[in-house]
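Reader: Hello! I am new to this structure and would love a close look at a single part of it.

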Amino acid sequence: MKDRIVALGFVLFAIIFLAGSLPLKVGTAARPGAGFMPAMVGVCLLVAASYNLFRQFRTPVSVPAGEASGVRLTPWGIAAATFAYPVLLSHLNYLVSTFLVMAAMLLLLRFKSPWVSVLIALAATLASFLFFGKLLSVVLPSGVLEDAILAF
Amino acid sequence: MDVIQHLMFGFNTAATPVNLLYALAGAFVGTIVGVLPGIGPLGSMAILLSFTLNMEATSAMIFFAGIYYGAMYGGSTTSILLNIPGEAASVVTCIDGFKMAQKGRGGAALTISAVGSFVAGTLSIVGLMFAASALADAALKFGPPEFFAIGLVGLVFLVRLSGGSTSKNVLMLLLGLALGCVGTDHLFGTARFTFGLDELAQGVEFLPVAMGLFGIAEVMTTAAQADELGQVIRVKLRDLLPRVEEWRRSAWPVLRGSVLGFFIGLLPGPSPVISTFVSYMTEKKLSKHPEEFGQGAIEGVAGPESANNAAVGGAYVPLMALGVPFTPAMAVVVGALMLHGITPGPMLMTERPELFWGVIASMYIGNVMLLILNVPMAQMFVQILKIPRQLLLPLIVLMCLVGVYSVNSSYIDLYVLALLGIAGFVLRTLGYEPAPLVLALVIGPMMETALRESLIIFRGDVSRMVFRPIAGTIYLVALAALLAPPLIRLFRRGGR
C-alpha cells in the first residue's frame with residue numbers, strides 16, 4: 001500500500017513541477033530559455049512516475065512481515081525531533097532547543113534511566129556549543145544563557 | 001618524469017604536520033565508520049562535510065580520502081570477526097572471512113585483508129596518478145557537448161548499476177535533476193521555483209540533501225532495526241601472522257582484485273560494492289579448490305578486500321580529471337570542494353596543483369597509516385560496537401543539525417535536512433536508492449549549462465552535438481557497454 005501512495009506522490013510532484021516550469025520561458029531548441037531544462041525534466045518525470053504508478057497498481061498489495069506488526073515509533077520520533085529543531089531554534093536559541101531535542105531523542109530511545117538521559121543531553125548540548133560556538137566560531141542563535149557561558 | 005616531480009611536490013604538501021594529522025584523523029574516523037554497521041562512509045562524509053569549513057581545501061580533501069579508504073579497511077574487521085559487514089562493500093568478506101575466524105584463522109584473514117587492501121590501495125593510486133593526469137590533459141579539449149555527453153552517459157550507467165529497480169532509479173535520478181533546477185538560472189538570471197525565498201536563489205544546497213538522505217535517513221533506519229550483537233571472535237597477536245601457504249594463495253587474488261577494482265571504480269554507481277562481487281566470482285572460477293569457497297577460502301577474502309580498496313582510487317579518476325563525480329561519495333567530495341569555492345575539473349591540476357598532488361600523495365601516506373592502524377588494533381576497533389546505539393544515534397543527529405546550520409546559518413537548510421531525512425527513510429524502505437538523486441543534484445546543473453550552451457552554439461541542431469569525434473565516441477562506447485551483455489546472452493542462448 002505504501003508503495004502505491006509513494007508512486008502517487010511522485011506523479012503529483014511531477015504534475016506540480018511541470019506546471020511550475022511552463023510559466024518560465026521554455027524557449028526553442030536554438031535558444032533554450034530558463035524553463036527549458038525544468039520542462040524537459042518535468043515531462044520525463046511525469047512519464048516515469050506514471051509508468052511506476054501503473055506498475056505498482058498492477059502488482060498485488062503485499063504486507064511485509066515488519067509492517068503487519070505496526071509502525072515502529074522510534075524513527076518517527078527522531079524525524080519529529082529533527083523537524084521541531086528549526087522551530088525551537090528560532091524561538092529558544094541554541095542551548096535550550098538543543099537540550100530539549102537531545103533529551104527527547106535519548107528518552108525516546110530509552111537510554112538508561114531518564115535522569116541519565118537528561119544529564120547526557122545537558123553535557124552534549126554544552127560540549128557541542130563550546131565546540132561549534134567557541135572552537136569553530138560558528139554563529140549560533142544566542143540569548144542571555146549563551147552570552148553568559150561565552151563570557152564565563 | 002613530470003608525474004614523479006609532481007608527486008614529490010604532492011608529498012611536500014601532504015607531509016606537513018597539519019595534513020599528516022588530518023590524514024591520520026580521516027583514516028581513524030574512516031576505520032571506526034567502517035566498523036560501525038549502518039553509518040557507512042557516505043553518511044559519515046556527509047555528516048563531517050560541515051566540519052571541513054574551517055580547514056584548508058587540501059586538508060579537507062586529505063581528510064575525506066582518509067575516511068573513504070579507512071571505511072574500506074574497517075568494514076572487513078567486523079565482517080571477519082562478527083559476520084556483520086560494517087558497510088556494503090564488505091558483505092562478500094563475511095562469506096569466507098567469518099568461516100576462517102570460526103576455524104581459528106581470523107587473525108590471518110585480518111592480516112591478509114589489510115595487506116591486500118594496502119597493496120590494492122597503493123596500486124590504484126599509481127593508476128589514478130597516471131590516468132587522471134592523462135585524462136585531464138585530454139579533457140582540456142572538451143567543450144560543452146562533450147561534458148554533456150559525459151554527464152548523460154554517467155547518469156545512464158548509474159541507473160543501470162545502482163542495483164534495485166531500474167524504473168525506481170530513473171525516478172530518483174529525475175527527482176535529483178528537478179531539485180537541481182531550483183534557484184537562479186545561470187544564463188538568464190531568472191528565478192526558478194524559489195517561492196520568493198532568497199535562501200533558495202542559490203539552489204537547493206547539496207549539504208542538507210546529502211546529510212538528510214544519508215545521515216538522518218540512516219539514523220532512522222538504524223533506529224528501526226533490532227539491536228543485536230553476536231559473539232566477537234577473539235584474535236591473539238600471534239595468530240595475526242598468516243601461514244606461507246596462505247600468503248602464496250593470496251598473492252594473485254590481491255593483484256587481480258587490484259586491477260579489477262580499479263577499472264570497476266571508473267564506472268558510475270556503487271563501484272566498491274560491485275567490485276567485491278566480481279572479484280569473488282572471478283577467484284572462485286579461477287581457483288583450483290572452488291569447493292573451499294564459502295567454507296573459509298583465503299582467496300575469498302584477499303580478492304574482494306583488495307578490489308574494494310582499488311575501486312576507491314578508480315572512483316577518484318573522473319572527479320579529479322573531469323570534475324564529474326560518478327559515485328555518491330565523490331559527490332560529497334565535490335560538495336566539500338564547492339564549500340571552499342573550488343570547482344573541480346580538468347583545470348584543477350594546473351590551477352591547484354598542491355591540492356591535486358597533495359591528495360594523491362596523502363593517499364599513499366594514508367594507506368601506510370591504515371595498515372599500521374588496522375592489523376594490531378583490530379580487536380580495539382571491534383569494541384566500538386559496544387557503544388549503545390541509543391547514545392550514538394542522537395549524537396549523530398545533533399552533528400547533522402548543527403553541521404547543516406553552521407554552513408549558512410539557514411533555517412531553510414534545517415527544514416530541507418529534516419524533509420530529505422524522512423523522504424530518504426521512506427523511499428529506502430520501499431527500494432528507492434538515494435544515490436542517483438544525490439548525483440543528479442550535483443551533475444544536473446553542469447549538464448543543463450552544457451546542454452543549453454551546446455544548443456545555442458549549434459543553433460538547436462542536436463545531430464551536430466552528438467556526431468562529434470569525442471562526444472560521438474563517448475556515446476558509442478556507452479551504447480556498446482550497455483548493449484553488449486544482453487546481446488552476448490542472446491547469442492549464447494541462440495547457440496544452444
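Which residue just after α5(A) takes a positive phi? Please start there, and then show me the helix itself and its surroundings.

Author: Happy to help! Please keep in mind that this is a predicted model. The residue you are asking about is A:Ser137, which takes a positive phi of about 55° just after α5(A).

Now for the helix itself. α5 of chain A runs over 114-135. At 1.5 Å a residue, its 22 residues should span 32 Å, and the end C-alpha atoms of α5(A) are 30 Å apart, which agrees.

Let us walk around the helix next. The buried residues of α5(A) are A:Ser117, A:Ala121, A:Thr125, A:Ser128, A:Phe129, A:Phe132 and A:Gly133. These residues cover an arc of only 105° around the axis, which means that they sit on the same side of α5(A). There is a general rule to recall here: an α-helix has 3.6 residues a turn, so residues three or four places apart point the same way. Turn to the other side of α5(A) and you meet exposed residues: A:Trp115, A:Val116, A:Ala123, A:Ala127, A:Lys134 and A:Leu135.

What covers the buried residues? The cover includes α4 and α6 (144-151) of chain A, and also α16 (389-408) of chain B. Both chains therefore have a part in covering the buried residues of α5(A).

That brings us to the contact between the chains. Chain A puts 50 residues into the contact, and chain B puts in 47 residues. On the side of chain A that touches chain B, α5 (114-135) is one of the helices that each supply at least two residues, along with α1 (2-21), α2 (36-58) and α4 (73-108). The helix that gives the most to this side is α4(A), with 13 residues. Sorted by class, the side of chain A that touches chain B holds 34 nonpolar, nine polar and seven charged residues.

Since α4 has come up twice, here is a detail within it. A:Asn93 lies in helix α4 of chain A. This residue has a positive phi of about 65° although it is not a glycine. A:Asn93 counts as partly exposed because it has 18 C-beta neighbours inside 10 Å, while 20 or more would make a residue buried.

Let us step back to the whole of chain A. The chain has six helices and zero strands, and reading along the sequence gives the pattern α-α-α-α-α-α. The domain assignment of chain A gives domain 1 (2-67) and domain 2 (72-151). The C-alpha centres of these two domains of chain A lie 38 Å apart. For 152 residues, a compact globule would have a radius of gyration near 15 Å, but chain A has 24 Å. Its C-alpha atoms fill a box of roughly 65 × 50 × 25 Å along the principal axes. Of the 152 residues of chain A, 34% count as buried. Among contacts in chain A between residues at least 6 apart in sequence, 47% join residues at least 24 apart.

Chain B is the partner that supplies α16 to the cover of α5(A). The secondary structure of chain B comes to 20 helices and two strands. A compact globule of 496 residues would have a radius of gyration near 23 Å, and chain B has 22 Å, which agrees. Its C-alpha trace spans about 70 × 60 × 50 Å along the principal axes. In chain B, buried residues make up 59% of the 496 residues. Among chain B contacts between residues at least 6 apart in sequence, 81% join residues at least 24 apart.

Two residues of chain B round off the tour. B:Phe193 is found in the loop between β2 (191-192) and α9 (206-224) of chain B. B:Phe193 has a positive phi of about 50° although it is not a glycine. With 19 C-beta neighbours inside 10 Å, B:Phe193 counts as partly exposed. B:Ala310 lies in helix α12 (residues 299-322) of chain B, and with 36 C-beta neighbours inside 10 Å it counts as buried. Beyond its neighbours within four places in sequence, B:Ala310 is in contact with residues including B:Ala120, B:Leu123, B:Ser258 and B:Phe262.

Methods: Residues numbered from 1 in each chain as written. Chains lettered and ligands numbered in written order. Predicted model: local features only at pLDDT ≥ 70, side-chain atom pairs only at ≥ 80, totals over all residues. Contact = placed C-beta atoms within 7 Å. Helix = DSSP H or I, 4+ residues; strand = E, 2+ residues; numbered from the N terminus. Nonpolar A, V, L, I, M, F, W, Y, C, P; charged D, E, K, R; others polar. Domains from an automatic or database assignment. Rg over C-alpha atoms; globule rule 2.2 N^0.38 Å. Buried ≥ 20, exposed ≤ 12 C-beta atoms within 10 Å, placed from the backbone. Expected span 1.5 Å × (residues − 1). Arc of directions from axis to C-beta.
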